[in-house]
Amino acid sequence: MVKNHDLLIAASTIWVVVTAILVMFMQAGFAFLEAGLTRMKNAGHIAGKNVLIFGICSLVYWAVGFGMAFGDGNGLIGTHGFFPSVGAMVSVGAKPFDWFSEVPGAAGYLFEVVFAGVSLAIVWGAMAERAKLWVYFAFGVVFTLIYSVTSHWIWSPHGWLFSKGMQDFAGSTVVHYQGALAALAGAILLGPRIGKFGHDGRANPIPGHNMPYAVLGTLILWFGWFGFNPGSTLSVDFGGFGYFAYVAVTTNIAAAAGALGGIVAAWIFLKKPDVSMMLNGVIAALVAITAASGFVAPWAAIVIGFAAATIAVVGVVAVERIGIDDPIGAVAVHGMAGVWGTLATGIFAVPALAGRLATGRGGLVYTGSFHQLGVQALGLVAVGVWTFSASFAALYAMKRLWGIRVEPEVETAGLDVSEHGMWGYPEFYIPVPGGYGTESHGHLGLAHARRSHPVAEPHPAPATPLPEPSG
């Protein structure tokens, strides 16, 4: 006879696996968003890296990251659960992954690795269109380990920030702020793309090539976030049976407020209702509500989402004005909005919800106390110092030893053909006289690509010039 407890475990396992799949599907959202907001000559490279990095992250996280994050250990790091065995994966509530008391270790791994993959996807947004392919492999491994340490601090019952009551329901700090910190380190060390800034220091626009792709990517991310936040209950009865539905509501209305906030802020500050800023507003709102979704009232979710969108619009411009080239806006959308969401949780957390989730205390608005806000700020400072310094040090070492940026001619030709020997849009490829890759140009990789993927030469110019379009 099946016991009620066994049915609960089965239902929770189904729930966690399904929501993990939703979060994994966010990689498709990042692929469309990032490819759409960058140039045609890099579209295949930008989109394809999401498959590569998720593969790297999945293996590294299984081998050591999951144990570092959730295995038994001390306040700083997990020290057990590396290369988990069959027994560790099928057990429920057993060491070294006894934190997962309602689902087997395998479900815990699957849910947590897709979060690590999202954080890693964020990193490359600010490094787009100029990083060497091998850096994805090397820094993908390094960042997965950096990420695992921080997630242990905040999400493991052994972690030192967890013990202080830091509230980060689904990862505004752990996932988004961390990814943005590493992205910032990479953008600084890589430098801006060719032509991004003029001699006077003013930024030149480098528009993305496909806004519908960016819109589709944003909608996929919004859809995937219903796994991201509600799935973080890790059980169908965590915080009360069906509590994940409440988390879904706060997630959705925050994103809706972000869409409005993004386009209104763009209209005010940029004098145009910029579609890309509306998309940034949606994502920034989702980033911000990620920490707060289980702790705040619906009205607060709307405030958090609208404010996050405004922060993102202003932040994207501010990052550009200080000379940092961030093609996707990762630093503002994931970093600044992540900081706001983490602090906003300490401001708006409902005491009853904090008690129900047994994490921290009520926020400033309800208690008049700065305690929870102080804990949130402490976590941001600690993670900021750790993740930025570790990421910067690793990338700096790679830069000095091997170089992390492609050569100017590779960047100019595009990473699709240069790094991969193919084109994201071969039907639009127009060869220059003599070819991009002739030996006289010193670029053998392009020559090989052209031989492997021949394209039609452009038609000769018409004898009679075509008339100018009217109007």
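This is a walk through a predicted model, stop by stop, with something to select at each one.

**Stop 1: helix 4 and the core**

Start by selecting residues 105-123, which make up helix 4. The helix has 19 residues and reaches 27 Å from its first C-alpha to its last, close to the 27 Å expected at 1.5 Å a residue. Turn on the surface of everything else and helix 4 should mostly vanish: 17 of its 19 residues are buried, so the helix is largely enclosed by the rest of the structure.

Now bring up the nonpolar side chains. The largest nonpolar core has 114 residues. Which residues have the most contacts inside this core? They are Phe115 and Phe139. As for secondary structure, helix 4 gives the most to the core, with 12 residues.

Stay with Phe115 and show what surrounds it. Beyond its neighbours within four places in sequence, Phe115 is in contact with Val23, Tyr147, Trp155, Ala170, Val175, Phe228 and Ser232.

**Stop 2: Phe66 and the aromatic cluster**

Next, pick Phe66 in helix 2, the run covering residues 43-70. Phe66 is buried, with a relative accessible area of 0%. Leaving out neighbours within four places in sequence, the contacts of Phe66 are Tyr61, Gly71, Met89, Phe97, Phe100, Gly105, Gly108, Tyr109 and Glu112.

Several aromatic residues belong together here. Select Tyr61, Phe66, Phe70, Phe97, Phe100 and Tyr109, and you have one aromatic cluster. The structure as a whole holds 27 aromatic pairs. For one of them, look at Phe66 and Phe100: the ring centres are 5.7 Å apart and the planes are at 40°, so the pair is tilted. Phe66 lies in helix 2 and Phe100 in the loop between helix 3 (86-90) and helix 4, so the two rings tie together parts that are 34 residues apart in sequence. Phe100 counts as buried too, at 2% relative accessibility.

**Stop 3: Ser156**

Now find Ser156, in the loop between helix 5 and helix 6 (160-163). Is this loop residue buried or exposed? Ser156 is buried, with a relative accessible area of 0%. Show its surroundings and, not counting residues up to four places away in sequence, Ser156 touches Ala69, Phe70, Ser151 and Phe162. Phe70 you have already met, as a member of the aromatic cluster.

**Stop 4: Arg193 and its acidic partners**

Before moving on, draw a distance from the C-alpha of Phe66 to that of Ile194: these atoms are separated by 39 Å, with the two residues 128 apart along the chain. Then click on Arg193.

Which residue sits 2.4 Å from Arg193, counting the closest N and O atoms? That is Glu129, and the two form a salt bridge. Arg193 is in the loop between helix 7 (172-190) and helix 8 (211-228), while Glu129 is in the loop between helix 4 and helix 5 (133-155), 64 residues apart. Arg193 counts as buried at 4% relative accessibility, and Glu129 at 1%.

Arg193 has another partner: its side chain also meets that of Asp325 in a salt bridge (2.8 Å, N to O). Asp325 lies in the loop between helix 11 (298-321) and helix 12 (330-348), and Arg193 in the loop between helix 7 and helix 8, so this pair ties together parts that are 132 residues apart in sequence. Asp325 counts as buried as well, at 2% relative accessibility.

Hop over to another salt bridge for a moment, between Glu411 and Arg405, where the closest N and O atoms are 2.8 Å apart. Here Glu411 is buried, with a relative accessible area of 3%, whereas Arg405 is partly exposed at 23%. Back at Arg193, add Arg39 to the selection: salt bridges that share partners join Arg39, Glu129, Arg193 and Asp325 into one network. A search of the whole structure finds 7 salt bridges.

**Stop 5: Gln376**

Finish in helix 15 (residues 371-401), at Gln376. Gln376 counts as buried, at 0% relative accessibility. What lies 2.8 Å from a polar atom of the Gln376 side chain? It is the backbone oxygen of Gln167. Expand the selection and, leaving aside neighbours within four places in sequence, Gln376 is in contact with Gly165, Met166, Gln167, Thr342, Leu343, Thr345 and Gly346.

Terms used:
Residues numbered from 1 in each chain as written. Predicted model: local features only at pLDDT ≥ 70, side-chain atom pairs only at ≥ 80, totals over all residues. Heavy atoms only, no water. Core = buried A, V, L, I, M, F, W, Y, C linked by side-chain atoms within 4.5 Å. Buried < 20%, exposed > 50% of the residue type's maximum accessible area, 1.4 Å probe, protein only. Helix = DSSP H or I, 4+ residues; strand = E, 2+ residues; numbered from the N terminus. Contact = heavy atoms within 4.5 Å. Polar contact = N/O pair within 3.5 Å; in protein donor to acceptor, adjacent residues only side chain to side chain. Expected span 1.5 Å × (residues − 1). Salt bridge = Lys/Arg side-chain N within 4 Å of Asp/Glu carboxyl O. Phe/Tyr/Trp six-rings, centres within 6.5 Å; stacked < 30°, edge-to-face > 60°.
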